[in-house]
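Biologist: Please take me through one part of this model slowly, with its aromatic rings as the way in. I'd love to hear how the side chains there sit together.

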Amino acid sequence: MKINDTAELQPEVDVTLCYSNATKAPAAAAAAAAAARKRALLAANEEEDREIRKLERRLGLNKRRKKGDGSSSVPVSFARDGLDYVLEALGSGESSGLCESGSEAEEGAGPTPPGSELDTDAEDGWEEQDLERSSGQAAEDAWSEERDQDDAEEEARGALGTAKEEGGRKRVRFAEDEERSETPSEAVRTGDQQSLGENGGKYVPPHVRRVEETEDAQKKEELERLKKQVKGLINRLSEPNLASISSQLEELYMGHSRKDMNATLTTVVLSACAPDTVMPARLLMEHVLLVSVLHRTVGLEVGAHFLEAVVRRFDDAYKSRRDGKECDNLFAVIAHLYNFHVVQSLLIFDVLRKLVESFTEKDIELILLMLKTVGFSLRKDDALSLKELITETQAKASGAGGRFRDQTRVRFMLETLLALKNNDVRKIPGYDPEPVERLRKLQRGLVRGAGAGTDPELRVSWDSVLNAERTGRWWIVGSAWSGAPMVDSGPQKAPQKPLAGTVSSKILELARKQRMNTDVRRNIFCTVMTSEDFLDAFEKLLKLGLKDQQEREIVHVLMDCCLQEKTYNPFYAFLAGKFCAYERRFQMTFQFSIWDKFRDLENLPATSFANLVHLVAHLLKTKSLPLSLLKVVEFSELDKPRVHFLRKVLHILLMETEVEDLGLIFARVSDKPALGLLREGLKLFISHFLLRGAPEAGALRERAELCTQALQGRGSLRM
């Protein structure tokens, strides 16, 4: 029974095994087909990659190949323009899409039967692609055969590289490529951030940055070469070759921008003249003389730039109280800038007043240095300001008392001031004006005819130079400046608006009656009327900050006020003399204004006529105006008003002037050929109109003879 049962069951087992074997055979075939398709895909991808690499080598786009380590290489142009992240995003999206599609294909390839339509279509598609690649390859081979030998060698080298990549699946990379490949996006972003920071948040394109960097490098190299040339000339500077060096520097100014030349010249000269050790006075004078010559021959901006640099550096050295002689050397440079007519006395008096206010031992040393260098020149240019400075210094020294342990230096400074006041050169030890005079003579020879018609001396104050960044460099013609409104223009505009609150209505009504019909004239009139004395009026008028044409209004207002007084008021005469001593242009304006009044003498009221006589006589006897003021008088065609005017003026001049001053006044017109008619007319007028019928004939005749001798020449003057 058992045997039968076994025999009956045996066929059933054989059927099951056969069915399982029949089922496994199609699955294995499908897996083999999928593997074959996968190998075909990979082979097609490799063939396509080879084709792409071949075309890239011919087009010079090798850097766009993918690296063997899996990181992507971005073109340098894309990285510089900040577009690398776009390619990375696109590449990551593409790769993810390919991976998803590949995985889906692999998942679907498993159960695909070997004879399915999908399998057939896929195989047909790959066969078509293979045919297209083979045809394209044939065309490329035909085209490459026509290439020259150089391209063939390049293709051979490329093929060798491709074979190496296929064999080891690695790519040969040079150090330069590795540096470029390391986080290119981060490098570009860092560069972009730097460019944004340097340009105040404004993006600068990479090609513009490269151009700017190239230009900056070229500019720096050019400035270094220019500095070497200027330094070589300055190192050879001496009195004999000063003319040739100045001419070579002028040629450099013609070949380079003035900004670069001014900065380079200033840097080189200051490095030579302002060390921490004591500099020889002769060397300082030669360097400053060179700057003064260029100031006249090239332009005023040369001296203005140098002056500003010196003043700023001196201010820094003075405030820092550094040890050494840098501060003294810079102060001596400022003094010689005044000696050689680069700057006027206003700046020198400003800095001296500041030193007198602080009045420390260092200040006393600097005051002595300045007075020994330019003291007598200051006395000649502005004796009144020097006298006021001496008075302030003496008061400060007496108030200091025992503040200084060593009183010797203070006493020596006071003795020097007294010698300057008395014009006694012998009491100043070590004073030798001969080197300065010799260099001035050389300067006159070098700048003869240069800058004709312009005033080369800079009339600028100490505070104006230090505040040039805020207020602008108004003393340089054509100087560009953009910033806050002019600080110095505040005093000029301030009196124009609040006059009603600061000046009484009576003064304003008086200004209206005097026909002060403009804001400038009204301000000048109210300032003069409300001043305590002529010195106070002078300072207030200067603080108005009037320029050019507005300054002339001061003269016109003073003349009108003086002539409108019922009786002569010497206040206006002293104020007019102060302005004449302050600046030569005020002398010219007063001279023209007096000539206008002289032409209209017959129409003047008696009081105005008398006031004009006293004003002219005062300006002549104080030497505020020269005697050549009378050169417009036609002595051959005098009428009664003019004879009366000249008689009154000359009588006051002869009788109220000291004998020494009287001889000097008339002697000033004795050696000028152009004033020959004036000399003859004055001698004739004195003898025929002035001496006849004069009550004090003896004293007047004696002084008249002295004036006649002075008119004939300085050699015949006897006092």
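Modeller: Happy to! Rings of Phe, Tyr and Trp (its six-membered ring) count as a pair if their centres lie within 6.5 Å, and such a pair is stacked with planes under 30 degrees apart, edge-to-face over 60 and tilted for the rest. This is a predicted model, where local features need pLDDT of at least 70 and side-chain atom pairs pLDDT 80 or more, while totals for chains, interfaces and linings use all residues. Residues are numbered from 1 along each chain as its sequence is written, and side-chain values use heavy atoms, without hydrogens or water.

The structure holds 13 aromatic pairs. One of them joins phenylalanine 314 and tyrosine 318: their ring centres are 5.9 Å apart and their planes lie at 25°, so the pair is stacked. Both residues belong to helix H12 (helices being DSSP runs of H or I with at least four residues, numbered from the N terminus). Because phenylalanine 314 and tyrosine 318 are four residues apart in H12, about one helical turn separates them. Phenylalanine 314 and tyrosine 318 are both buried (under 20% relative accessible area with a 1.4 Å probe, protein chains only; over 50% is exposed, and partly exposed is in between). A single aromatic cluster brings together Phe314, Tyr318, Phe331 and Trp462.

Let's stay on H12, which runs through residues 300-320 and also carries leucine 307. Leucine 307 has a relative accessible area of 1%, so it is buried. Its contacts (heavy atoms within 4.5 Å), setting aside residues up to four places away in sequence, are Leu337, Val343, Leu347, Leu458 and Val460. Isoleucine 334 sits 27 residues from leucine 307 along the chain, with 7.5 Å between their C-alpha atoms.

Now step over to helix H13, residues 326-339, where we find asparagine 329. Asparagine 329 counts as buried because its relative accessibility is 5%. A polar atom of the asparagine 329 side chain lies 3.4 Å from the backbone nitrogen of methionine 279. That same methionine appears among the residues in contact with asparagine 329: once neighbours within four places in sequence are left aside, these are Cys273, Ala274, Pro275, Thr277, Val278, Met279 and Leu284.

Follow the chain on from H13 and you reach the loop leading to helix H14 (345-358), where histidine 341 is found. Histidine 341 has a relative accessible area of 34%, so it is partly exposed, whereas asparagine 329 in H13 is buried. Not counting residues up to four places away in sequence, histidine 341 touches Arg440, Gln443, Pro456 and Glu457. Take proline 456 from that set: it is 115 residues from histidine 341 in sequence, and in space the two C-alpha atoms are 7.4 Å apart.

To put the part back together, start from the stacked rings of phenylalanine 314 and tyrosine 318, which share their cluster with Phe331 and Trp462. In the same helix as that pair, H12, buried leucine 307 touches residues that include Leu458 and Val460. Histidine 341, in the loop after H13, has Pro456 and Glu457 among its contacts. Asparagine 329, for its part, touches residues including Cys273 and Leu284.

Conventions: Helices (H or I, at least four residues) and strands (E, at least two) are DSSP runs, numbered from the N terminus. A polar contact is a pair of N or O atoms within 3.5 Å; within protein, one must be able to donate a hydrogen and the other to accept it, and residues adjacent in sequence count only if both atoms are side-chain atoms.
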